Amino acid sequence: MNGEFFDSIKVSAYFLWEYTESQNALGLWCCAEDIANFFAMNKIISFSQAEDVINLNKNDSMYIEFVRNISYRIFLYTNNKDFKRNWYIAERLIYNGEWLYNIVKAASILCKKKSDDNDFFKLIRSDAVKEYYKIKKI
């Protein structure tokens with residue numbers, strides 16, 4: 001399962017790189033982990049659950065909050081201050097089936113893990129995710 005998580009984050013980070021054009025590979029990796037954790041915290045751990053949110057009206061407060069959270073993480077990890085661009089990147093990502101499948105898969109794996117699974121959490125690079133699970137920084 002550790003390899004599946006790694007592979008899902010790798011694909012998710014690739015799309016973040018492609019869409020943001022950021023050169024900070026570690027930042028994009030951490031961004032993908034943090035977005036996966038956001039999905040996990042909100043119990044969006046299946047493709048159909050993600051689609052339920054994505055298919056809401058774009059003026060729906062739940063949709064706005066969902067995209068805002070992804071957009072904010074893009075801002076944090078890329079340091080791109082163009083909030084409108086970050087929003088559009090977030091929307092482009094959630095409508096990319098391959099990205100969505102992989103981020104949901106990573107979120108599902110995170111939900112199944114316990115914070116005492118040291119072998120798994122050694123893979124985590126995001127300080128935000130480590131903090132959420134109260135993992136010592138390695």
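This presentation walks through a predicted model, taking its helices and a few individual residues in turn.

Let me begin with the pairing of helix 1 and helix 2. Helix 1 covers residues 2-20 and helix 2 covers residues 25-41. Their axes come within 8 Å and cross at roughly 115 degrees, and the crossing is right-handed. From helix 1, the residues that take part in the contact are Phe-5, Phe-6, Ile-9, Lys-10, Ser-12, Ala-13, Leu-16, Trp-17 and Thr-20. On the side of helix 2 they meet Leu-28, Trp-29, Cys-31, Ala-32, Glu-33, Ile-35 and Ala-36. By character, the residues of this contact divide into twelve nonpolar, two polar and two charged.

Two residues of helix 1 deserve a closer look. The first of my two is Ser-12, which is found in helix 1. Is Ser-12 buried or exposed? Ser-12 counts as buried, because its relative accessibility is 0%, and the cut-off for buried is under 20%. Setting aside neighbours within four places in sequence, Ser-12 is in contact with Ala-32, Trp-99, Asn-102 and Ile-103. Of these partners, Ala-32 belongs to the helix 2 side of the pairing just described, while Trp-99, Asn-102 and Ile-103 are among the buried residues of helix 6.

The other residue is Val-11, also in helix 1. Val-11 counts as partly exposed, since its relative accessibility is 21% and the partly exposed class lies between 20% and 50%. With neighbours within four places in sequence left out, Val-11 is in contact with Glu-98 and Asn-102. As for distance, Val-11 and Ser-61 lie 50 residues apart along the chain, and their C-alpha atoms are separated by 29 Å.

I turn now to helix 4, residues 61-78. Helix 4 has 18 residues. From its first C-alpha to its last it reaches 25 Å, close to the 26 Å expected at 1.5 Å a residue. At the N-terminal end, Asp-60 acts as the cap, with a side-chain oxygen 2.8 Å from the backbone nitrogen of Met-62. The buried residues in helix 4 include Tyr-63, Phe-66, Val-67, Asn-69, Ile-70 and Ser-71. Further along helix 4, Arg-73, Ile-74, Phe-75, Tyr-77 and Thr-78 are buried too. Which elements cover the buried residues of helix 4? The cover includes helix 1, helix 2, helix 3 (47-54), helix 5 (83-94) and helix 8 (127-132).

On either side of helix 4 there are loops to mention. Leu-56 lies in the loop between helix 3 and helix 4, and at 25% relative accessibility it counts as partly exposed. Not counting residues up to four places away in sequence, Leu-56 touches Met-62 and Tyr-63. Leu-56 and Ala-25 are 31 residues apart in sequence, and their C-alpha atoms are 32 Å apart in space.

Just after helix 4 comes Asn-79, with a positive phi of about 60 degrees. Asn-79 has its place in the loop between helix 4 and helix 5. Most residues other than glycine have a negative phi. Lys-43 likewise has a positive phi, near 55 degrees, although it is not a glycine. Lys-43 lies in the loop between helix 2 and helix 3, and with a relative accessible area of 54% it is exposed.

In helix 5 I would point out Asn-86. Asn-86 counts as buried, at 0% relative accessibility. Apart from residues up to four places away in sequence, Asn-86 touches Ser-71, Ile-74, Phe-75 and Asn-80. Ser-71, Ile-74 and Phe-75 are themselves buried residues of helix 4.

Finally, helix 6, residues 97-112. Why does its length agree with expectation? Its 16 residues, at 1.5 Å a residue, should span 22 Å, and its end C-alpha atoms are 23 Å apart, which agrees. Asn-96 caps the N-terminal end of helix 6, where a side-chain oxygen lies 2.9 Å from the backbone nitrogen of Glu-98. The buried residues of helix 6 are Trp-99, Leu-100, Asn-102, Ile-103, Val-104, Ala-106, Ala-107, Ser-108, Ile-109 and Leu-110. Leu-110 is buried, with a relative accessible area of 1%. Between the C-alpha atoms of Leu-110 and Asn-80, which are 30 residues apart along the chain, the separation is 27 Å.

How values were computed: Residues numbered from 1 in each chain as written. Predicted model: local features only at pLDDT ≥ 70, side-chain atom pairs only at ≥ 80, totals over all residues. Heavy atoms only, no water. Axes fitted to C-alpha atoms, helices over the stretch in contact; angles between N-to-C directions. Helix = DSSP H or I, 4+ residues; strand = E, 2+ residues; numbered from the N terminus. Left-handed = near helix turned anticlockwise from the far one by under 90°. Contact = heavy atoms within 4.5 Å. Nonpolar A, V, L, I, M, F, W, Y, C, P; charged D, E, K, R; others polar. Expected span 1.5 Å × (residues − 1). Buried < 20%, exposed > 50% of the residue type's maximum accessible area, 1.4 Å probe, protein only. Polar contact = N/O pair within 3.5 Å; in protein donor to acceptor, adjacent residues only side chain to side chain.
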